[in-house]
Amino acid sequence: MSSPIAARTEETPPRRRLIHRLFEASLLFKGLFAGFETLAGLTLLVTPGAAILELLDRVTAPELAQDPRDLLARALLDTSQRLSIETQHFYALYLLTHGGVKLVMVLLLARGLHWAYPVAMAVLALFIAYQIHLFVLAPSATLVALSLFDVAMIWLVHAEWRGARARIAQPPTQG
């Protein structure tokens, strides 16, 4: 997934290569997760609520038959039973938008477009701000983990951008 402006040469220091590999790995992870989010949003948008309830009923029934107090199965079933059409559409549009924005961001960064780096950092900062807002409303370890990953991603995007600008500023070597 090497971006055009991040091509490595023999002169690239090992630390820079490591940062570039971490950047590429984070892009791959972010892209896969964004694709999953987008697909989940699309699925929620086109799947009737009754079908979701029936599926979760089928998935949780064996677990609840074995252990009626299973926290995860009980939480899934309770949540699905309170799923209104408005809530379902909200989550569908949220996942489509959130996943779609991240997917576009990953594709632009993978192409190595210079303007995409600061835009991506701003988008990630907005995601972090929103995740902090959600955390204040309902504390969650998942939100903390996502925010920490986004902070690391901002650092990697900045490091990659700085490296790309430095490579462009270097005069071509005579070979």
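How much space lies in the largest pocket? In this predicted model, the largest pocket holds about 950 Å³. The report below begins with the fold, turns to that pocket and to an enclosed cavity, and then treats selected helices and residues.

## Overall fold

The chain contains six helices and zero strands. Read from the N terminus, the order of elements is α-α-α-α-α-α. Of its 175 residues, 33% count as buried. Among contacts in the chain with a separation of 6 or more, 70% are made by residues 24 or more positions apart.

## The largest pocket

The lining of the pocket of about 950 Å³ comprises 27 residues, and those closest to the pocket centre are Leu-44, Phe-90, Tyr-91, Tyr-94 and Leu-95. Each of α1 (14-46), α2, α3, α4, α5 and α6 supplies at least two residues of this lining. Helix α4 gives the largest share, with seven residues. By residue class, the lining of the largest pocket divides into 17 nonpolar, seven polar and three charged residues.

## The second largest cavity

Two cavities of 30 Å³ or more are found when the whole structure is searched. The second largest cavity encloses about 40 Å³ of space. Its lining is formed by Lys-30, His-98, Lys-102, Phe-127, Gln-131, Leu-146 and Asp-150. Helices α4 (85-111), α5 (116-137) and α6 (141-169) are the elements that contribute two or more residues to this lining. The residues around the second largest cavity divide into two nonpolar, two polar and three charged.

Phe-127, one of the lining residues of this cavity, belongs to helix α5. Is Phe-127 buried or exposed? Its relative accessibility is 12%, so Phe-127 counts as buried. Leaving aside residues up to four places away in sequence, Phe-127 touches His-98, Val-101, Lys-102 and Asp-150. Of these contact partners, His-98, Lys-102 and Asp-150 also appear in the lining of the second largest cavity.

## Helix α3 and its neighbour α2

Helix α3 spans residues 71-81, and Ala-73, Leu-77 and Ser-80 are buried in it. Viewed down the axis of α3, the buried residues fall within an arc of 65 degrees, so they line one face of the helix. These buried residues pack against α2 (49-66). On the face of α3 turned away from the buried side, Leu-71 and Leu-72 are exposed.

The N-terminal end of α3 is capped by Asp-70, which places a side-chain oxygen 3.1 Å from the backbone nitrogen of Leu-72. Leu-72 is thus named twice here: as the residue whose backbone nitrogen faces the cap, and as an exposed residue of α3.

Within α2, two residues are joined through their side chains. Arg-58 has its place in helix α2, as does Glu-54, and a polar contact of 2.9 Å links the two side chains. Which exposure class does Arg-58 fall into? With a relative accessibility of 55%, Arg-58 counts as exposed. Glu-54, at a relative accessible area of 45%, is partly exposed.

## Residue pairs apart in sequence

Leu-77, one of the buried residues of α3, serves as a reference point for both members of the Arg-58 and Glu-54 pair. The table gives these C-alpha separations together with that of Phe-127 and Ser-147.

| Residue pair | Separation along the chain | C-alpha distance |
|---|---|---|
| Arg-58 and Leu-77 | 19 residues | 10.0 Å |
| Glu-54 and Leu-77 | 23 residues | 9.8 Å |
| Phe-127 and Ser-147 | 20 residues | 7.8 Å |

## The loop between α5 and α6

Where is Ser-140 found? Ser-140 lies in the loop between α5 and α6. With a relative accessible area of 23%, Ser-140 is partly exposed. Its side chain reaches the backbone nitrogen of Thr-142 at a distance of 3.1 Å.

Methods. Residues are numbered from 1 along each chain as its sequence is written. This is a predicted model: local features need pLDDT of at least 70, side-chain atom pairs count only at pLDDT 80 or more; totals for chains, interfaces and linings use all residues. Side-chain values use heavy atoms; hydrogens and water are left out. On a 1 Å grid over the protein atoms alone, a cavity is a set of points where a 1.4 Å probe fits but cannot get out, and a pocket is an open set with protein on both sides within 12 Å along at least five of seven lines; lining residues have an atom within 4 Å of a point. Grid points are joined across faces, edges and corners, and a volume is the space filled by probe spheres set on the points. Helices (H or I, at least four residues) and strands (E, at least two) are DSSP runs, numbered from the N terminus. Ala, Val, Leu, Ile, Met, Phe, Trp, Tyr, Cys and Pro count as nonpolar, Asp, Glu, Lys and Arg as charged, and the others, Gly among them, as polar. Buried means under 20% relative accessible area, exposed over 50%, partly exposed in between (1.4 Å probe, protein chains only). The arc is that of the directions from the helix axis to the C-beta atoms. Contact means heavy atoms within 4.5 Å. A polar contact is a pair of N or O atoms within 3.5 Å; within protein, one must be able to donate a hydrogen and the other to accept it, and residues adjacent in sequence count only if both atoms are side-chain atoms.
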